[in-house]
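Subject: Structure for you to look at

Hello,

I am passing on a structure that I would like you to look through before we next talk. Please open it first and keep it beside you while you read the notes underneath.

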Amino acid sequence: MRNPFTPRSLPLILAGRDADLSLIDQVLTPVAVTRQPAEGAVVLHGVRGIGKTSILRAAATRAASEQGLTAVWTSAAKGQSYLPALATSIRRTLESSGIVAPGTWSLDEIGVNLGPVKATARRNRQKPVPHPEFNVGAVEEMLRSASTLCAEHGGARGGGMLLLMDEMQAASRADLAILLNALQNISHDQQGAPPFAFVAAGLPSVRGAITSAATFGERTAFRSIKSLDQDATRLALVETARESGVSLSNEAIDLLWSTTQGYPFFVQLYGFHTWAAASLSKKKIITLADAQRGVATAQNDVNELFAARLSAAAKAERAMMTAIAQLGGDEPVKRLDLADALGKSTQSISSVRSQLIDKAVLTEEERGYIQFTLPGFAQYVLEQA
Ligand SMILES: Nc1ncnc2c1ncn2[C@@H]1O[C@H](COP(=O)(O)OP(=O)(O)O)[C@@H](O)[C@H]1O
Ligand SMILES: [Mg+2]
């Protein structure tokens, strides 16, 4: 029987995300109704493995089916320019949804290839055109023209365009500034602009990046994505197994809840190994013994991950990890208390703290409070200390 748990891809069942999806709905519904741009954007933020991409994908599907919006999916990547990728995604989406004929929508027309770049291209046709030059005006024009096309050709429901951006924190400051200013110009132009909305997701650092890049931040609904609660975790496990006609004993569910603490990646990973341990061809129920064996295998996987993190840490980083583990375990620790425990000022611990946040070992969800990103890491650190 095929294992329905998905530690590396989108979940079969998206449990416990109704509130997040309805927040996005609240922003998208007026776009479809008024046929104007959304008044603000939505930015989901949270640590890796918490389920941001899964929510974003679900939102894209819903926007298409419920609001008739054409969803353009983009994902930023470190060291790659985002804006050319954005242009490509828009073109591909418009082409594949039949809004424009292949090859008819070009950046050229909307003035993205500006000035010297275009001139070079014309003078020497053999040479590949270098990166087009993007500026606020060109990106704004690109989004407006694409949204207008989506609204005109979007079928019976009218629609417009929804731009989705995953891994937002990975975009360069320069790309982000251009994008956010373009988005801001469109959302300020409530009367003249076509129906358009922007929903993004990123690591916790994305908040700071946005607020420093543009006043755009003021109209953005920032939404912190958290682990699943006990009910949602149970639902994720039960519903995922039920798709294949398998059930779980209450004891098995309890064990998986207490070991994963609802962290979505762990729910899938532990679920996956539990399923694999259950030899389900003979029976249709997952027992406590199956879960115990699954948890042990999953913990081996996770310990390897923990070990890699710990061995990559410098001495000062290790000291900080140990102090956090002792003070708070998996729970948030006050920055001030941490500095005290290390016998230092909050100033002087800040660079180590930032390094660990960049390495995704720590996260600061609430200002002044830091915690480990992965449940169970605190205990591992204490065992190794
Ligand atoms: N609501 C959910 N219910 C069950 N599993 C989920 C849920 N959200 C995410 N997952 C699972 O958690 C893992 C991480 O999800 P993902 O969306 O990629 O997180 P992120 O983008 O925050 O790193 C994936 O294995 C996915 O299948
Ligand atoms: Mg993701």
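What follows is a short account of what was found, going from the domains to the ligand, the cores, a sheet and finally one loop residue.

Please bear in mind from the start that this is a predicted model. The domain assignment divides the chain into domain 1, which covers 18-224, domain 2, which covers 230-309, and domain 3, which covers 313-384. If you take the centres of domain 2 and domain 3 over their C-alpha atoms, you will find that they are 29 Å apart. Where these two domains touch, seven residues come from domain 2 and six residues come from domain 3. On the domain 2 side of this contact, helix α11 (residues 288-311) is the element that gives the most, with four residues, and that side as a whole is made up of four nonpolar residues, two polar ones and one charged one.

The ligand is a good place to look next. Ligand 1 is surrounded by 21 residues, and the closest of them are P11, G51, T53, S54 and P264. Two elements, α2 (52-67) and α10 (264-277), give two or more residues each to this shell, and α10 gives the most, with four residues. Sorted by class, the shell holds 10 nonpolar, eight polar and three charged residues. Where does ligand 1 lie with respect to domain 1 and domain 2? Because domain 1 (18-224) and domain 2 (230-309) both give residues to the shell, ligand 1 lies between them.

Turning to the nonpolar cores, the largest one has 63 residues, and the members that touch the most other members are L28, V139, L162, A197 and V199. You can follow L28 as an example: if its neighbours within four places in sequence are left aside, L28 is in contact with A38, A63, Q67, L69, L162 and A197. Apart from this largest core lies another, of 47 residues, which includes L228, Y270, F306 and I349.

There is also an open sheet of three strands, which come in the order β8-β10-β9 and pair in the antiparallel sense. Its edge strands are β8 (333-334) and β9 (362-366), each of which pairs on one side only. Between β8 and β10 (residues 369-372) there are two bridges, and across this pairing V333 stands opposite I370. Between β9 and β10 there are three bridges, again antiparallel, and here L362 stands opposite F372. The hairpin of β9 and β10 has two residues between its strands, and within this hairpin G368 takes a positive phi near 90 degrees.

Finally, please find V246, which sits in the loop between α8 (230-242) and β6 (247-248). Is V246 buried, partly exposed or exposed? A residue needs 20 or more C-beta neighbours within 10 Å to count as buried, and 12 or fewer to count as exposed, so V246, with 18 inside 10 Å, counts as partly exposed. Leaving aside neighbours within four places in sequence, V246 is in contact with A241, L280, K284, I285 and I286. By contrast, Q67 is 179 residues away from V246 in sequence, and the C-alpha atoms of the two are 35 Å apart in space.

With best wishes

Conventions: Residues are numbered from 1 along each chain as its sequence is written. Chains are lettered from A and ligands numbered from 1 in the order in which they are written. This is a predicted model: local features need pLDDT of at least 70, side-chain atom pairs count only at pLDDT 80 or more; totals for chains, interfaces and linings use all residues. Domain bounds come from an automatic or database domain assignment. Ala, Val, Leu, Ile, Met, Phe, Trp, Tyr, Cys and Pro count as nonpolar, Asp, Glu, Lys and Arg as charged, and the others, Gly among them, as polar. A residue is near a molecule or strand if its C-beta atom, placed from the backbone, lies within 6 Å of it. Two strands pair if DSSP finds at least two bridges between them. A nonpolar core is a set of buried Ala, Val, Leu, Ile, Met, Phe, Trp, Tyr and Cys residues joined through C-beta atoms within 7 Å.
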